[in-house]
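The exercises below ask you to read a structure step by step, moving between the sequence and the three-dimensional view. Try each task before you turn to its solution.

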Amino acid sequence: MRNILKQNLAKQVVHWLLLAVIVLYILTGFGITSYRAVEFLTFGLLTKPLAFKIHDDLIIPFVILIGLHIYQQARKPA
Amino acid sequence: MARMVTLIVVVLMILQGIMIATSGCGIDGNESKAKELKSAEIREYQGVDLSSVDDFRENSIKGPQHVDAGSYRLKITGLVTNSKTYTYDEVIKNHQNYEKVVTLDCVEGWSVTILWKGLLVKDLLAEAKVLPDAKVVIFHAYDGYTTSLPVDYIMQNNILIAYMMNGVTLPPERGFPFQLVAESKWGYKWEKWVTQIELSDDVNYRGYWESRGYSNSADLNEDFFEK
């Protein structure tokens, strides 16, 4: 019972983290290709260089999270 | 809650798809003019396949600039013996013209190979007579954009300031009247709508993107972020 709860919690964490990374990935992508609009909409917070850095740095967390997500979904419940 | 966030993600993805479809090929509001240019555009030169004038992505700081050729002036200022001011025709007709196929590599990941026609920046500098103290050439653009390159780079390489690409006059969105062809440098050094060339001794000068974290050397074989 406890194991199932732990597994569900881990699934939830990975799920939400993956979602956050995907959203950030898309936003920073816009921050590169449509930087004038994104800079305006974020009050100058998300500049093109910053968007580039975040976008580049997200690739490893994204690959890890997607791997974990697939593993959790494929695995049989305990 | 999870459904709502998923819905937002889907909407964002659709929006991204629409933006790529509408702007990814470099087609902007001036579509009718672009169609006229296509018919005259050269797409192959001495065995080299050329990109199209439309293959660029529009990523300038204030959008395409429309410069009037009649009132346009190119100024050479700063650490020179003779400051110069040229009209558009004077720049083109009073200087030796050159053609060269050069590839522009953008930091965004796309690149275009174009046949550029223009004149050598060093020919313009020679007329203005650069003073020995000058170390940096600062390029100013019509939209306020600036970038800089070392004097040695300009003098030791045949760096063009182009007025034609693939056999057609630069369209406004590509930098009419002049675009710098900063070969072997990242795209942010390829300034469009050049209006002034300033000689300076300020080796710490940073242009628009360089002052925002991009490398000042901008060499293609190095990362474009300042280390």
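Two strands are said to pair if DSSP finds at least two bridges between them. Keep in mind throughout that this is a predicted model.

**Exercise 1. Work out how strands S3 and S4 of chain B are joined, and then place them in their sheet.**

Step 1. Begin with the pair itself: S3(B) and S4(B) are joined by four bridges and run antiparallel. Within this pairing, Leu74(B) lies opposite Tyr86(B), a residue of S4(B).

Step 2. Follow S3(B) to its other partner, S12(B), with which S3(B) shares four bridges in the parallel sense. Here Lys75(B) has Gln196(B) of S12(B) as its bridge partner.

Step 3. Continue from S12(B), residues 194-200, to S7(B), residues 136-141, since these two strands pair antiparallel over six bridges. Two of the residue pairs to look for are Ala141(B) with Val194(B) and Val137(B) with Leu199(B).

Step 4. Finish with S7(B) and S8(B), which run antiparallel and are joined by five bridges; Val136(B) is here the bridge partner of Pro150(B) in S8(B). The hairpin of S7(B) and S8(B) has four residues between its strands, and in this hairpin Gly144(B) takes a positive phi near 95 degrees.

Step 5. Put the pairs together, and you obtain an open sheet of five strands in the order S4-S3-S12-S7-S8 of chain B, with mixed pairing. S4(B) and S8(B) each have a single partner strand and stand at the edges, so each has one side without a neighbour in the sheet. On average, neighbouring strands of this sheet are turned by 15 degrees against each other, if direction is ignored.

**Exercise 2. Find which residues of helix H4 of chain B are buried, and describe how they are arranged around the helix.**

Step 1. A residue counts as buried if 20 or more other C-beta atoms lie within 10 Å of its own. In H4(B), which covers residues 121-128, the buried residues are Val121(B), Leu125(B) and Ala128(B).

Step 2. Look down the axis of H4(B): the buried residues fall within an arc of 60 degrees, so they line one face of the helix. A general rule helps here, because an α-helix has 3.6 residues a turn and residues three or four places apart therefore point the same way.

Step 3. Ask next what covers these buried residues, and you will find that the cover includes strands S3, S4, S6 and S9 as well as helix H5, which belong to chain B.

**Exercise 3. Describe the surroundings of Lys129(B), and decide whether this residue is buried, partly exposed or exposed.**

Step 1. Locate Lys129(B) in the loop between H4 and S7 of chain B. Just after H4(B), this residue takes a positive phi of about 60 degrees.

Step 2. Count the C-beta neighbours of Lys129(B) inside 10 Å: there are 13, and Lys129(B) therefore counts as partly exposed.

Step 3. Apart from neighbours within four places in sequence, Lys129(B) is in contact with Val80(B), Thr81(B) and Asn82(B). Lys84(B) is 45 residues away along the chain, yet the C-alpha atoms of Lys129(B) and Lys84(B) are separated by 10.0 Å.

**Exercise 4. Describe how helix H1 of chain A packs with H3 and with H4 of chain A.**

Step 1. Take H1(A), residues 2-33, and H3(A), residues 48-57, whose axes are 8 Å apart and which pack at an angle of about 140 degrees. H1(A) passes H3(A) in a left-handed crossing.

Step 2. Identify residues in this contact: among them are Leu24(A), Tyr25(A) and Ile32(A) of H1(A), and Ala51(A), Phe52(A) and Ile54(A) of H3(A). By class, the contact of H1(A) with H3(A) has six nonpolar, four polar and one charged residues.

Step 3. Turn to H4(A), residues 59-74, whose axis comes within 9 Å of that of H1(A) and crosses the latter at roughly 140 degrees. This crossing of H1(A) and H4(A) is left-handed.

Step 4. The residues that meet here include Val14(A), Leu18(A) and Val21(A) of H1(A), together with Phe62(A), Leu65(A) and His69(A) of H4(A). The contact of H1(A) with H4(A) divides into 11 nonpolar, three polar and one charged residues.

Notes
Residues numbered from 1 in each chain as written. Chains lettered and ligands numbered in written order. Predicted model: local features only at pLDDT ≥ 70, side-chain atom pairs only at ≥ 80, totals over all residues. Buried ≥ 20, exposed ≤ 12 C-beta atoms within 10 Å, placed from the backbone. Arc of directions from axis to C-beta. Contact = placed C-beta atoms within 7 Å. Axes fitted to C-alpha atoms, helices over the stretch in contact; angles between N-to-C directions. Left-handed = near helix turned anticlockwise from the far one by under 90°. Nonpolar A, V, L, I, M, F, W, Y, C, P; charged D, E, K, R; others polar.
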